[in-house]
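Visitor: I'm new to this one. Could you show it to me and take a few questions?

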Amino acid sequence: MFCFVPAKQSKTVGAHLLKENKTMAKIVILGSSPAAVKAVQELRAADDESEIVMFAFDGFYPYRRELFFSFLSKEIKEEQLLYQPREFYENHRLQIILNR
């Protein structure tokens, strides 16, 4: 089964769908916004088995856009720019597709 849930609706719609349908096998999240990161957390909390794929259209792991200038001016390191460390995505078994 394939289900598309916009990231901004993931908490209310996605978690509800997962509770109603235990056979979900693949979840696709389009974008890498803060809402997408929250979607991963909520969806994984509701379902530990389904495959989750995130398409990061800008080619980067989800990052804090408000800190981008600080990163460019070398005030902070790349790790500080990310919403979650890369290990978060590995631990939540999330496949991130970059540069598509």
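Visitor: Is aspartate 58 buried, exposed or partly exposed?
Guide: Buried means under 20% relative accessible area, exposed over 50%, and partly exposed in between (1.4 Å probe, protein chains only). Aspartate 58 has a relative accessible area of 30%, so this residue is partly exposed.

Visitor: Before we go on, what kind of model is this?
Guide: Residues are numbered from 1 along each chain as its sequence is written, and side-chain values use heavy atoms, leaving out hydrogens and water. Local features need pLDDT of at least 70, side-chain atom pairs count only at pLDDT 80 or more, and totals for chains, interfaces and linings use all residues, as the model is predicted.

Visitor: Which side chain meets aspartate 58 in a salt bridge?
Guide: A salt bridge here is a side-chain nitrogen of Lys or Arg within 4 Å of a carboxyl oxygen of Asp or Glu. For aspartate 58 the N to O distance is 3.2 Å, and the partner is arginine 65.

Visitor: How many residues apart in sequence are the parts that arginine 93 and aspartate 48 tie together?
Guide: Their side chains meet in a salt bridge at 3.4 Å, N to O. Arginine 93 sits in the loop between H5 and E4, and aspartate 48 in the loop between H2 and E3 (helices, H or I, of at least four residues and strands, E, of at least two are DSSP runs numbered from the N terminus), so the pair links parts separated in sequence by 45 residues.

Visitor: And is isoleucine 96 buried or exposed?
Guide: This residue is in strand E4. With a relative accessible area of 16%, isoleucine 96 is buried.
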